[in-house]
Amino acid sequence: QVQLVESGGGLVQPGGSLRLSCAASARSFSIYDMAWYRQTPGKQRELVAAITRGLSTDYADSVKGRFTISRDNAKNTVYLQMNSLKPEDTAVYYCNKINYPAFPWGQGTQVTVSS
């Protein structure tokens, strides 16, 4: 059973930065296309950033130029560097595969952007 453990969230002021990490217990982690998602109460989970096994990246328009996704296959970890944070970035952030079927979802990490 694959486990995903997200960490690195917290409370930050507008304009601040955070770096999220997602550690996966999956075998052959490097073959998976991975992504960061976020969810706020009452809304569907949305894809924020994606990185393929070939290291191609893509971003939601709302975070382009501010967020950077990366991965370290040796550590089975995906990262999300978030800069110039805005209050609308407040959400619980999760990582998972891009493609169906998803791994079991982790607990996520809360990011709160507020002054």
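Which residue in strand 10 does A91 stand opposite? Keep that in mind while you get your bearings; the stop at strand 9 has the reply.

**Before you start**

You are looking at a predicted model, in which local features need pLDDT of at least 70, side-chain atom pairs count only at pLDDT 80 or more, and totals for chains, interfaces and linings use all residues. Residues are numbered from 1 along each chain as its sequence is written, and side-chain values use heavy atoms, with hydrogens and water left out. Strands here are DSSP runs of E with at least two residues, and helices are runs of H or I with at least four; both are numbered from the N terminus.

**Stop 1: the open sheet**

Show the cartoon and color strands 1, 3, 8 and 7. These four strands form an open sheet in the order 1-3-8-7, with antiparallel pairing; two strands count as paired if DSSP finds at least two bridges between them. Strand 1 (4-7) and strand 7 are the edge strands, each pairing on one side only. From one strand to the next, the twist averages 15°; axes are lines fitted to C-alpha atoms (for helices over the stretch in contact), and angles run from 0 to 180 degrees between N-to-C directions.

Now select strand 1 together with strand 3 (residues 18-24). Four bridges hold this antiparallel pair, and L4 has A24 as its bridge partner in strand 3. Turn on the side chains of strand 1 and you will see them alternate: L4 and E6 point to one face and are buried, while V5 and S7 point to the other and are not. Buried means under 20% relative accessible area, exposed means over 50%, and partly exposed is in between (1.4 Å probe, protein chains only).

**Stop 2: strand 9 and its partners**

Next, select strand 9 (residues 91-97). Six of its seven residues are buried, so strand 9 is largely enclosed by the rest of the structure. Add strand 4 (residues 34-39), which runs antiparallel to strand 9 and is joined to it by six bridges. Here Y37 stands opposite Y94.

Then add strand 10 (residues 109-113), which pairs with strand 9 in the antiparallel sense over three bridges. This is where the opening question is settled: A91 stands opposite V111.

**Stop 3: the aromatic rings**

Stay with Y94 and show W105. A search of the whole structure finds three aromatic pairs; rings of Phe, Tyr and Trp (its six-membered ring) pair if their centres lie within 6.5 Å, with planes under 30 degrees apart counted as stacked, over 60 as edge-to-face and the rest as tilted. One of them is Y32 with F103, an edge-to-face pair at 5.1 Å centre to centre and 80° between the planes. This pair links distant parts of the chain: Y32 is in the loop between strand 3 and strand 4, and F103 is in the loop between strand 9 and strand 10, 71 residues apart. Y32 is partly exposed at 22% relative accessible area, whereas F103 is buried at 9%.

Y94 and W105 make another edge-to-face pair, 5.9 Å centre to centre with 90° between the planes. Y94 lies in strand 9 and W105 in the loop between strand 9 and strand 10, so the pair ties together parts that are eleven residues apart in sequence. Y94 counts as buried at 12%, while W105 is partly exposed at 36%. Add Y37 to the selection, and you have one aromatic cluster of Y37, Y94 and W105.

Which residue lies over the face of Y94? Show R45, at 4.5 Å from the ring centre. Likewise, K97 lies over the face of F103, at 5.0 Å from the ring centre. A charge sits over a ring if NZ of Lys or CZ of Arg is within 6 Å of the ring centre and within 35 degrees of the ring normal.

**Stop 4: a buried arginine**

Select R66, in the loop between strand 6 (57-59) and strand 7 (67-72). R66 is buried, with a relative accessible area of 9%. Its side chain reaches the backbone oxygen of S62 at 2.8 Å. Leaving aside neighbours within four places in sequence, R66 is in contact (heavy atoms within 4.5 Å) with several residues, including Q81, N83 and D89.

**Stop 5: backbone details**

Most residues other than glycine have a negative phi, and most peptide bonds are trans. Select Y100 and P101: the peptide bond from Y100 to P101 is cis, with omega near -5°. P101 lies in the loop between strand 9 and strand 10.

Finish at L55, in the loop between strand 5 (46-51) and strand 6. Its phi is near 75°, a positive value in a residue other than glycine, and L55 counts as exposed at 53% relative accessibility.

Definitions and conventions: A polar contact is a pair of N or O atoms within 3.5 Å; within protein, one must be able to donate a hydrogen and the other to accept it, and residues adjacent in sequence count only if both atoms are side-chain atoms.
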